Amino acid sequence: MATGYRLVGACLLAFAAGPLLIGCAPGPVDGTIQSAPSVVTFAGPTMGTRYSVKAVTPDAAERLEELQHEVDARLAEINRRMSTYDPESELSRFNQSESDDWFEVSPETAKVVAYALRISQDTDGRFDPTVGPVVNLWGFGPDGRRTEPPTDEQVQAALARIGYQSIEVRLDPPAIKKSRPDVYLDLSAIAKGYGVDAVSDLLAELGATASMVEIGGEVVCRGVKPDGQPWRIGVEKPDENGSTLQTVLELRDRSIATSGDYRNFFEEDGRRFSHTIDPATGRPVQHKLATVSVLAPSCMRADALATALLVMGPDEGYNWANENSVAALLIERTPEGFRERRTPAWDSLSEGDN
């Protein structure tokens with residue numbers, strides 16, 4: 001399961017590992033005011049990467065400090081609940097617990113866990129929020145990087161701890177539970193998408209009439225820019241130089257997330273091991289699918305589905321997305337170069353936004 005990607009949204013560098021998004025306006029510097037009237041732009045660190053915000057709001061210059069303070073506080077709150085890097089977060093304390101009783105969490109954490117389990121069921125476990133032990137074993141989690149693959153015995157031991165069916169969730173009162181003490185819940189493949197949604201909603205509550213929010217490359221575009229034009233978001237061609245765009249979209253009231261295998265990996269004896277782990281095998285995927293981008297109403301959904309489709313691979317992923325009316329763009333490596341496949345839902349949505 002993917003854990004982080006390098007993207008650029010609206011020319012905003014996201015400072016993570018993975019595919020790229022790029023937009024139309026000059027990139028922000030922390031605490032700057034966009035030259036266009038009524039647009040405030042700011043950025044900062046979060047979730048081990050960076051966030052970027054463009055918000056259309058009255059009195060933009062006067063509201064910069066207030067808006068950034070509110071966004072920083074909101075993202076810190078989400079981290080305190082769902083980060084596996086913070087040993088005191090709700091999720092970390094749940095992972096440390098060996099009890100199989102209900103573990104009280106915030107309504108927000110319960111909501112995200114419930115949605116993660118729903119995607120797990122819908123994708124037959126291709127997306128699995130309990131895959132963390134294997135991700136950590138391969139050096140792509142909080143335990144730090146490694147330069148050589150784990151042994152077969154280590155993989156099998158970690159794989160024995162995997163299975164979304166071992167997690168239960170209830171929304172009222174909000175709580176989660178596990179059926180075995182060594183279950184490890186990891187929301188890293190869905191939490192950034194949720195964070196983008198949460199910040200976008202917050203900005204609307206604070207009076208922003210439109211916004212573009214990006215965290216580590218996951219993006220929500222709401223409304224239009226002051227000139228009436230939609231936000232322009234581009235998807236990077238999956239080469240390691242990150243200098244070429246595959247396509248450019250004009251989006252309004254839409255989310256996009258991209259998962260890829262070419263930024264976060266290590267090599268041994270000429271063989272590449274990417275951070276995208278198949279929960280069924282406990283090993284990095286070995287197919288030729290390089291990236292998957294998903295358009296969806298919420299970034300939480302786009303984030304999780306992009307990961308699931310990348311795990312499935314080029315044919316199964318495309319067929320599943322097509323059968324389930326998912327707007328997906330899949331880019332596959334072939335001997336002749338990159339091959340692009342778009343689902344009908346992708347063409348419908350991307351053309352409708354242009």
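## Close-up views of a predicted chain

**View 1. The whole chain holds no disulfide.** A search of the whole structure finds 0 disulfides. A disulfide here is a pair of cysteine sulfur atoms within 2.5 Å. In general, a disulfide is a covalent bond between the sulfur atoms of two cysteines. This is a predicted model, where local features need pLDDT of at least 70, side-chain atom pairs count only at pLDDT 80 or more, and totals for chains, interfaces and linings use all residues. Residues are numbered from 1 along each chain as its sequence is written, and side-chain values use heavy atoms, with hydrogens and water left out.

The chain has 9 helices and 21 strands. Helices (H or I, at least four residues) and strands (E, at least two) are DSSP runs, numbered from the N terminus. Of its 354 residues, 58% count as buried. Buried means under 20% relative accessible area, exposed over 50%, and partly exposed in between (1.4 Å probe, protein chains only). Residues 24 or more positions apart make 63% of the chain's contacts with a separation of 6 or more. A contact means heavy atoms within 4.5 Å.

**View 2. Confidence varies along the chain.** The average pLDDT is 84, and 81% of the residues score at least 70. Over residues 1–29 the pLDDT is below 50, yet this stretch has 135 contacts in the model beyond near neighbours in sequence. Residues 33–37 also have a pLDDT below 50, with 11 contacts beyond near neighbours in sequence. pLDDT is the predictor's confidence in each residue, from 0 to 100. Where pLDDT is low, the predicted coordinates should not be read in detail.

**View 3. Two cysteines are buried without a bond.** Cys-221 is buried, with a relative accessible area of 1%. Cys-299 is buried too, at 0% relative accessibility. What keeps the sulfur of Cys-299 from a bond with the closest cysteine sulfur? That sulfur belongs to Cys-221 and is 9.5 Å away, too far for a bond.

**View 4. Helix 7 is largely enclosed by the rest of the structure.** Helix 7 covers residues 299–312. Its 14 residues reach 20 Å from first C-alpha to last, close to the 20 Å expected at 1.5 Å a residue. The expected span is 1.5 Å times one less than the number of residues. Of the 14 residues, 13 are buried, so helix 7 is largely enclosed. Gly-313 follows helix 7, with a positive phi near 100°.

**View 5. Helix 3 lies across strand 8 and strand 9.** Helix 3 (residues 107–122) runs at about 130° to strand 8. Axes are lines fitted to C-alpha atoms, for helices over the stretch in contact, and angles run from 0 to 180 degrees between N-to-C directions. Helix 3 has 16 residues and reaches 23 Å, close to the expected 22 Å. Its buried residues include Glu-108, Val-112, Tyr-115 and Ile-119. The buried residues of helix 3 pack against several elements, among them helix 1 (60–82), helix 6 (191–205) and helix 7.

Asp-124 follows helix 3. Asp-124 sits in the loop between helix 3 and helix 4 (132–137). Its phi is near 55°, a positive value in a residue other than glycine. Asp-124 is exposed, at 59% relative accessibility.

**View 6. Three strands form an open sheet.** The order is 7-9-8, with antiparallel pairing. Strand 7 (103–104) and strand 8 (167–171) stand at the edges, each with a single partner strand, so one side of each has no neighbour in the sheet. Two strands pair if DSSP finds at least two bridges between them. How many bridges join strand 8 to strand 9 (residues 174–178)? There are 5. Leu-171 stands opposite Pro-174 in strand 9. Pro-173 lies in the loop between strand 8 and strand 9. A cis peptide bond joins Asp-172 and Pro-173, with omega about -10°. Most residues other than glycine have a negative phi, and most peptide bonds are trans.

**View 7. Strand 12 pairs with strand 13.** Strand 12 (residues 231–236) is mostly covered, with 5 of its 6 residues buried. It runs antiparallel to strand 13 (residues 245–251), joined by 6 bridges. Glu-236 stands opposite Leu-245 in strand 13. Asp-253 is in the loop between strand 13 and strand 14 (254–260). Asp-253 has a positive phi of about 50°, although it is not a glycine. Its relative accessible area is 51%, so Asp-253 is exposed.
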